[in-house]
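User: Can you walk me through this one? I'd like the overall picture and then some of the odd spots.

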Amino acid sequence: MIRSMLTRRQFSRLIVGSGLLASGNFEAATAFPAQSAEQAATPDCDVLIKSGTVIDPGQNLHAQLDVAVKDGKILELSPDIPAARALRVVSAKGKIVTPGLIDVHVHVFEGVGPTGLNADQYCLGRGVTTAVDAGSTGYADIAGFRQYVIKPSATRVYALVDIGARGTLLGLIGNYANLDWVNAQLTARAAETNKPDVVGIKVRLSREITGSNDLEILKRALEAARISHLPLMVHVGDSFSPLPEILVQMRKGDVLTHCYTGRPHGPLDSNGKIIPEILDCRQRGVLFDVGDGGPHLDLDVAEKCLQQNFLPDTIGTDLGGLSYNGPVYDLVTELSKFLPLGLSVDQVIERVTVRPTRVFNFGAELGNLRSGTVADITILEVREGSFLFMDSSGKKRTGKQKLQSAAAIRAGKLYVNRSEDLLNS
C-alpha cells in the first residue's frame, strides 16, 4: 500500500528551505542528481536535460534524446547535446522525459470547502504542470478563484465554471435544488468575463445533487456552454434519469467525466457490455474522462470497457480533499493504475499530454516538446516491483510498474519532487 504523501506543513518547510518556488532552482536529490555543467564561453541554453527517454505522443516520439531549454521555451531536442552548451545540466538517465503532465480534473480552491487542495503541492509538486479545476466555483466566486488561486500558483491552473451559483466547493447535498441558483446567462457571463482562465462549463448530474431536475439542469448547462462557446464537462453516476437520456444531448467536444463509474446508470448494461449510446457519443465527438475522485472509478468497470477497446480520452484524477490520501493520491499514481489494466506507458502519457490540448483551449501550445513551445516538462521514473492499486470499493489490481514523478519544469523553471521519499509500496 502507498503511505500518506507530504502534508501541507511538510511541503511548506521543503519549499522555504530549498527556495524552489521562489527561484525555480533545482535541488539535487539522491534519486535525481543535478550536475554542474562544464561552462562554455557562451552557453546557449539555460537548462539541459541529458540522457532521458523522451516520450512525446504529440510528435510520435519515443527515443533517447536530450532536451535544451532557453528563456522558458524548448530550444532543441537532439541526441548528445554537449553539456558545455548549458548553464545547468540535469541527468535524466534511466528516466522518462515527457511534455508537462496535464490533469483535466482537479479541485484546488484551497481553504474553501472540504475539497480544495493546494495546487503547487499536489499538482506541480507531483509532476503536473497544468491543472484544470473542474467546477469548484460557480458564477458567484470564479473571480475570487482567479485572484487567489490561479494568479499566485506556480502550477498553470485553469477553471471550469459550475452551473450552480457556488460550484462544488461546499460539497452540499442538493446543491442544485434551488433552480433560481442554476442560471445559464449568469454562468455564461462569468465564463466570458474570466477567459482565458476559464476553459469550460461543468455540471454534476448525480441525484443527490440534482434531485429529479437533472435534465432541466443539463439543459441550462448546455445553454451556458453554447452562449460562452465552451465545452461542457458532465459528471455522471447515479443520475435520476437513465444515462442514455443524458448522453443524447451531449455535443461534439463535450466531456463525460467518471466514464468508468460503478454507480447506477453507468456505461455498462446488465451483461457487462458498453451501452450503445456511449458508442454513439464517441462517434459524434463526445470525449470521455476518467475522473476517479475515489468513488467514481470502478476497476472492474474500467477493465471491461478496456477489454471492449473503449479507452478514455483523458485520465483526470478528480483529485481533492477527499481523495488525495487514497485511493487517488496523485496523477502519476492514477496513470499507474491503468498499466495492469492493459494500457502501455506511452498510452497513459498520451492521455495527460497531447490529448487534453484537444479538449480545452489553453491559449498556449502545451502538451508537446516542439522547439519554440513553452518549456513545461515532466521527468518520470518507472519503478519496477509489485504494486497494489485499489478503488474506493476495495477492488484491487497488482501491477509490475509504478510511475513516480522525479521533477517538473514549468515555463523553464525546475522543481524537484520529494514525495518519493515518503512513498512505500
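Analyst: Sure, here is a quick tour, from the overall make-up down to single residues.

User: What kind of model is it, and how many helices and strands does the chain have?

Analyst: It's a predicted model. The protein chain has 12 helices and 16 strands. Of its 425 residues, 59% count as buried. Among contacts with a separation of 6 or more, 75% are between residues 24 or more positions apart.

User: What's the strand order in the open sheet of seven strands?

Analyst: The order is 7-8-9-10-11-12-13, and the pairing is parallel. Strand 7 (101–106) and strand 13 (287–289) have a single partner strand each, so they stand at the edges with one side lacking a neighbour in the sheet. On average, neighbouring strands there are turned by 25° against each other, direction ignored.

User: Which strands does helix 4 touch where it packs on the sheet?

Analyst: Helix 4 (residues 142–150) touches strand 8 (128–137), strand 9 (156–162) and strand 10. The direction of helix 4 makes about 165° with that of strand 9.

User: And how many bridges join strand 10 to strand 11?

Analyst: Four bridges, between strand 10 (residues 198–204) and strand 11 (residues 232–235), running parallel. One residue to look at is Lys202, which stands opposite Met233 in strand 11.

User: OK, the inside now. Which residues touch the most other members in the largest nonpolar core?

Analyst: That core has 80 residues, and the ones touching the most other members are Phe145, Val203, Leu232, Val234, Tyr260, Phe338 and Val348. Helix 7 (residues 214–228) gives the largest share of the core, six residues. Another core, of 18 residues, lies apart from it, with Leu65, Val69, Ala92 and Ala375 among its members. As background, nonpolar side chains tend to be buried together in soluble globular proteins.

User: Back to helix 7. At what angle does it pack with helix 5?

Analyst: About 35°, with the axes of helix 5 (residues 184–193) and helix 7 lying 8 Å apart. The crossing of helix 5 past helix 7 is right-handed.

User: Which residues meet there?

Analyst: From helix 5 you have Ala184, Gln185, Thr187, Ala188, Ala191 and Glu192, and they meet Arg220, Glu223, Ala224, Ile227 and Ser228 in helix 7. By type, the residues of this contact are five nonpolar, three polar and three charged.

User: Switching to the hairpin: which strands form it?

Analyst: Strand 3 and strand 4, with two residues between them. Asp71 is in the turn and has a positive phi of about 55°. Strand 3 (residues 61–70) pairs with strand 4 (residues 73–78) in the antiparallel sense, over five bridges. Within that pairing, Val67 has Leu77 in strand 4 as a bridge partner.

User: What about Val97 in strand 6, what stands opposite it?

Analyst: Val54 does. Strand 2 (residues 45–56) and strand 6 (residues 96–99) run parallel and are joined by two bridges. Strand 6 also pairs with strand 14 (residues 377–390), antiparallel and over four bridges. There, the bridge partner of Val97 is Ile379.

User: Now the oddities. Where are the cis peptide bonds?

Analyst: One joins Lys195 and Pro196, with omega about 0°. Pro196 sits in the loop between helix 5 and strand 10. Another joins Gly326 and Pro327, with omega about 5°. Pro327 belongs to the loop between helix 10 and helix 11.

User: And Asn309, what's its phi?

Analyst: Near 65°, which is positive in a residue other than glycine. Asn309 is in the loop between helix 10 and helix 11. Tyr329, also not a glycine, has a positive phi of about 70°, and its place is in the loop between helix 10 and helix 11.

User: Is each of those buried or exposed, and why?

Analyst: Asn309 has a relative accessible area of 62%, so it counts as exposed, the cut-off for that being over 50%. Tyr329 is at 9%, so it counts as buried, since buried means under 20%.

User: Last one: what is Ser323 in contact with?

Analyst: Leaving aside neighbours within four places in sequence, Ser323 is in contact with Gly293, Gly294, Asp318, Val328 and Tyr329. Ser323 lies in the loop between helix 10 (299–307) and helix 11 (331–337), and its relative accessibility is 1%, so it counts as buried.

Technical notes
Residues numbered from 1 in each chain as written. Heavy atoms only, no water. Pairing = 2+ DSSP bridges. Axes fitted to C-alpha atoms, helices over the stretch in contact; angles between N-to-C directions. Contact = heavy atoms within 4.5 Å. Core = buried A, V, L, I, M, F, W, Y, C linked by side-chain atoms within 4.5 Å. Buried < 20%, exposed > 50% of the residue type's maximum accessible area, 1.4 Å probe, protein only. Left-handed = near helix turned anticlockwise from the far one by under 90°. Nonpolar A, V, L, I, M, F, W, Y, C, P; charged D, E, K, R; others polar.
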